[in-house]
Amino acid sequence: MKINLANIKKAKNLLNKRECVAIPTETVYGIAGNAYSDTACKKIFRLKKRPANNPLIIHYYDLKKLRNDCELNENFFKLYKKFCPGPITFVLNQKKTSKISKIATNKKKTLAVRFPKHPVTRILLKYLKFPIAAPSANIFTKISAVTSSEVKEDFGKKIKYILEGGRSSVGVESTIIDLRKKPKILRLGGLEIGIIQKILKKKISININPSKISAPGQFRIHYSPGIPIRLNVEKIKKKEAFLLIKKNKINKTNYYFLSKKGNLKEAAKNLYTILRKIKKDNYKSIAVGKIPNKGIGKTINDRLLKASKF
Ligand code: TXA
Ligand code: MG
């Protein structure tokens with residue numbers, strides 16, 4: 001992708017004026033605002049129709065500014081060195097001196113932070129004097145956007161500017177790991193748990209469906225294309241769209257394939273766009289065939305399960 005510095009400057013100028021802009025990341029597009037500014041963060045919540053008790057992830061260029069805001073620890077440094085920039089978000093204790101807006105965190109004493117890898121957003125972050133608060137660029141509970149046109153579909157003129165970055169290369173949101181005590185996964189995502197475990201040299205617990213929703217804001221209905229989804233289907237019903245992991249020879253219009261040969265990374269990259277496509281093609285429900293529950297396939301299954309609660 002060719003990088004257009006004039007576009008990045010435009011985004012920078014708007015962010016400096018406490019406006020929101022959509023930004024590309026390697027996971028999904030985000031709706032960005034100055035993380036130090038209450039005004040900017042309020043605008044993000046309003047745009048997304050997001051409840052105030054669901055805090056935002058703060059995006060940094062590198063460790064420099066993060067050190068003012070968070071208590072860093074050994075596990076953090078191990079994972080940062082190996083995976084950042086990349087699709088992983090860390091939950092850490094916030095320092096008293098932190099300048100992050102209390103609107104962004106809903107006054108929590110913790111902070112979720114990440115270092116996005118997308119080259120356009122890295123240049124933007126380098127130019128800015130503040131970190132960026134950015135939730136996924138979709139309306140609350142709906143499917144995230146992985147291209148600029150999908151952001152436009154959801155927000156139209158309500159968003160002042162969309163910074164072009166092509167299609168997100170990972171296609172699902174970052175993996176969230178709580179590192180305050182024993183490492184704990186709070187959301188499956190673009191980075192596989194297996195390789196995180198290898199670096200930390202221990203098994204990590206997974207707590208992605210907390211009974212108390214208020215804590216990490218893991219709402220039960222999420223990632224919904226707006227029509228019902230049935231999982232692990234072998235035989236479809238009349239008029240259903242059929243979503244399969246691997247291309248097959250049956251070339252019916254209601255068949256949709258996440259990848260050519262069953263590659264899970266390719267499937268994750270295509271997932272949200274295909275779910276949007278099925279809705280646009282006017283199907284009233286989706287049947288999903290079995291998807292291998294390994295590697296990033298676990299993330300795909302997690303998203304589809306949450307979407308199926310519609
Ligand atoms: O890949 C991503 O992480 C994308 C891109 C744009 O960076 N962002 C993203 O943000 O997915 P969002 O807001 O859609 O999801 C953030 C999740 C929410 O479930 C929120 O509750 C959780 O992170 N979160 C934020 N701050 C937290 C904290 N202090 N402790 C625990 N969970 C937190
Ligand atoms: Mg989201």
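**Arg276**

I began with a side chain: a polar atom of Arg276 lies 3.4 Å from the backbone oxygen of Ser144. The model is a predicted one, and I read each entry with that in mind. I placed Arg276 in helix α9, residues 264–280. I then asked whether Arg276 is buried or exposed. Arg276 is buried, at a relative accessible area of 8%. Setting aside neighbours within four places in sequence, I listed the contacts of Arg276 as Ile143, Ser144, Ala145, Glu150, Glu153 and Asp154. I also looked up Lys160, which is 116 residues from Arg276 in sequence and 23 Å from Arg276 in space, C-alpha to C-alpha.

**Helix α4**

I turned next to α4, residues 74–83, and noted that Asn75, Phe76, Leu79, Tyr80 and Phe83 are buried there. They lie on the same side of α4, because the arc they cover around the axis is only 130°. Glu74, Lys81 and Lys82, on the other side of α4, are exposed. What do the buried residues of α4 pack against? I found α3 (63–69), β4 (88–93), β7 (175–178) and α8 (193–200).

**Cysteines**

I looked for disulfides and counted zero. For Cys20, the closest cysteine sulfur is that of Cys41, and at 8.1 Å it is too far for a bond. I checked Cys84 as well: Cys84 is in no disulfide, and the nearest cysteine sulfur, in Cys70, is 13 Å away. I recorded accessibility for both: Cys20 is buried at 3% relative accessibility, and Cys84 is buried with a relative accessible area of 16%.

How values were computed: Residues numbered from 1 in each chain as written. Chains lettered and ligands numbered in written order. Predicted model: local features only at pLDDT ≥ 70, side-chain atom pairs only at ≥ 80, totals over all residues. Heavy atoms only, no water. Disulfide = S-S within 2.5 Å. Buried < 20%, exposed > 50% of the residue type's maximum accessible area, 1.4 Å probe, protein only. Helix = DSSP H or I, 4+ residues; strand = E, 2+ residues; numbered from the N terminus. Arc of directions from axis to C-beta. Contact = heavy atoms within 4.5 Å. Polar contact = N/O pair within 3.5 Å; in protein donor to acceptor, adjacent residues only side chain to side chain.
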